[in-house]
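Student: I'm new to this one. Can you walk me through it?
Tutor: Sure, here it is.

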Amino acid sequence: MLYNSTENKNEVVSSAQAIAQGISSDGGLFVPQEIPAYTLDTFKDLLPLSYQDRAKKVFADFLTDFTAEEIADCVNKAYTAEKFGSENPAPIVTEKYKGNEISILELWHGPTCAFKDMALQILPHLLTKSLKKTCDGKEAVILVATSGDTGKAALEGFKNVDSTKIIVFYPVDGVSPMQKQQMTTQEGDNVNVCAIKGNFDDAQTGVKKIFTTNEITDKLAEHNMLFSSANSINWGRLLPQIVYYISSYCDLVNSGKIKLGDKINVVVPTGNFGNILAAYYGSCMGLPINKFICASNSNNVLTDFINTGVYNKDRKFYTTISPSMDILVSSNLERLLYKLSGNNDVLVREWMTDLKTKGTYTVTEDVKNQISKLFFGGYCDDAQTKATIKELFDSQGYLCDTHTAVAVNVYNQYVEKTGDKTPVIIASTASPFKFSASVLQAICPDSTLPEAEFDAVDMLKEVSNADVPKPLASLKDKSVRFSNVENVSDMPKFVLKALGIE
């Protein structure tokens, strides 16, 4: 299987090259030229398998230049009970909300307590093997822009991995205290972390610019280095996310919640669009999905786009209690537009150019109609998010984080608007203890809350009777290693200095 750029069909690479390079030289994203077709018999064969063996099947179908032994090595090292707490790294919990049964897919049992672990525990293994296949001897420099969870998950995944260095940029006022503590105390000889004066979109734009600046890439080449990405723009990030939607469908069948062939709805709290795009790719393979419900917070650029066909990033930016979704430029949307436009790279390039130069673009009527048929877009503000956390906790005793609550709220909006009671999977993307203060404010609105982050963690544990994940509890006594704060314009200089090649 080969891959090409969304903005230039003529740039064709292997899967190993796509993973090693991260992003196309023209700034486009790599996409598979064809998508494997799974029949109901394929899913029937997957039913008795473990999560790990299902993953091996999906990876083998997309990474055809990897051997079965290489794929097995990557999967077996990534998805261990030691790292995820059980043999199934993505368990489903069934609850009720406003009378509707919901299957909550908990994707946060990994070492950083966020769904990014599902991809970033395996990406370093895929990347190191890809580097050996495509550019043996070179050191990979992983650049990451994060709105909170990707940064820590990438740092943890690449910590002390041979032939790699990783540099993470995060918005100085745009992550939760726990997310900041996770990143600034990160261990590892090959890691570096820097805050930027700006929001996530500023960090993401800065990283993409560094990737495509010849002067910088040439300097790396002189020192036998090359850039790669651990953001969701890297195909090696997106592919592992397809696995958990396919596996969760099999788990629903095995539990008797649905029958093989029944359709489901999927709800995803969405910022950069990669997580919900993975579900869409699963459906392109044959996964029976009825509707993709895209849940946003007050930064509702995707809601407006789904409803109007106009993408406009020039709007007020909100700092919310669901910071991982505080995004106005959803990079992975480009991959969806490429697919829905009939793989029209010229059209996609025009739209992306308009976004960069004008801040907005409008898709064709055909693409707009396809999106309206496939997707439902909704959003809620912080007050609604807190109300949802409280109602789910008070009625079911289930504690969810601020991002999952957005998904639950928007799902209820969808049901009220459409009456559609199709069985549903709601992606739960982070542990509530990563956002302890906000969750406490939700379930104890009349209480005086502690100022210190770990005092809030302790209080949330006491109030909810839920266990604090060990990776978060262990952060309390760790020393801060990284305290740099830079202007966006100084990001290139910081990268070169961190690499020692100024």
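We'll take the sheet, then some helices, then the cores.

Tutor: One thing up front: this is a predicted model.

Student: Okay. What's the strand order in the open sheet of 5 strands?
Tutor: The order is β9-β6-β7-β8-β16, and the pairing is parallel.

Student: Which strands stand at the edges?
Tutor: β9 (225-229) and β16 (485-486) do. Each has a single partner strand, so one side of each is left without a neighbour in the sheet.

Student: How many bridges pair β8 with β16?
Tutor: There are 2 bridges, in the parallel sense, and β8 covers residues 191-196. In one pair, Ala195 has Val485 of β16 as its bridge partner.

Student: Which helix packs on the sheet, touching β6, β7, β8, β9 and β16?
Tutor: That's α23, residues 491-499. Its direction makes about 150° with that of β7.

Student: And at what angle do α11 and α23 pack?
Tutor: About 5°, with the axes 11 Å apart. That makes α11 roughly parallel to α23. Ile216, Lys219 and Leu220 of α11 meet Pro492, Leu496 and Leu499 of α23.

Student: New topic. Is α9 mostly covered or not?
Tutor: Mostly covered. In α9 (residues 177-184), 6 of the 8 residues are buried. Among them are Met178, Gln179 and Met183.

Student: What covers the buried residues of α9?
Tutor: The cover includes helices α8 (149-158), α21 (453-464) and α22 (470-473), plus strands β7 and β8.

Student: How many residues of α19 are buried?
Tutor: 13 of its 17, so α19 is largely enclosed by the rest of the structure. The helix covers residues 402-418 and reaches 25 Å from its first C-alpha to its last, close to the 24 Å expected.

Student: What comes just after α19?
Tutor: Gly419, which takes a positive phi of about 75°.

Student: Now the cores. How many residues are in the largest nonpolar core?
Tutor: It has 108 residues, and Leu337 and Tyr361 have the most contacts inside it. Helix α12 (residues 235-254) gives the most to this core, with 12 residues.

Student: What does Tyr361 touch?
Tutor: Leaving out residues up to four places away in sequence, its contacts include Phe305, Tyr311, Leu333, Leu337, Trp351 and Asp354.

Student: Which residues are in the second, separate core?
Tutor: That core has 41 residues, including Ile293, Phe376, Val406 and Leu475.

Student: Why do nonpolar side chains end up buried together?
Tutor: It's a general tendency in soluble globular proteins.

Key
Residues numbered from 1 in each chain as written. Predicted model: local features only at pLDDT ≥ 70, side-chain atom pairs only at ≥ 80, totals over all residues. Heavy atoms only, no water. Pairing = 2+ DSSP bridges. Helix = DSSP H or I, 4+ residues; strand = E, 2+ residues; numbered from the N terminus. Contact = heavy atoms within 4.5 Å. Axes fitted to C-alpha atoms, helices over the stretch in contact; angles between N-to-C directions. Expected span 1.5 Å × (residues − 1). Buried < 20%, exposed > 50% of the residue type's maximum accessible area, 1.4 Å probe, protein only. Core = buried A, V, L, I, M, F, W, Y, C linked by side-chain atoms within 4.5 Å. Parallel < 35°, antiparallel > 145°, perpendicular 65-115°, else oblique.
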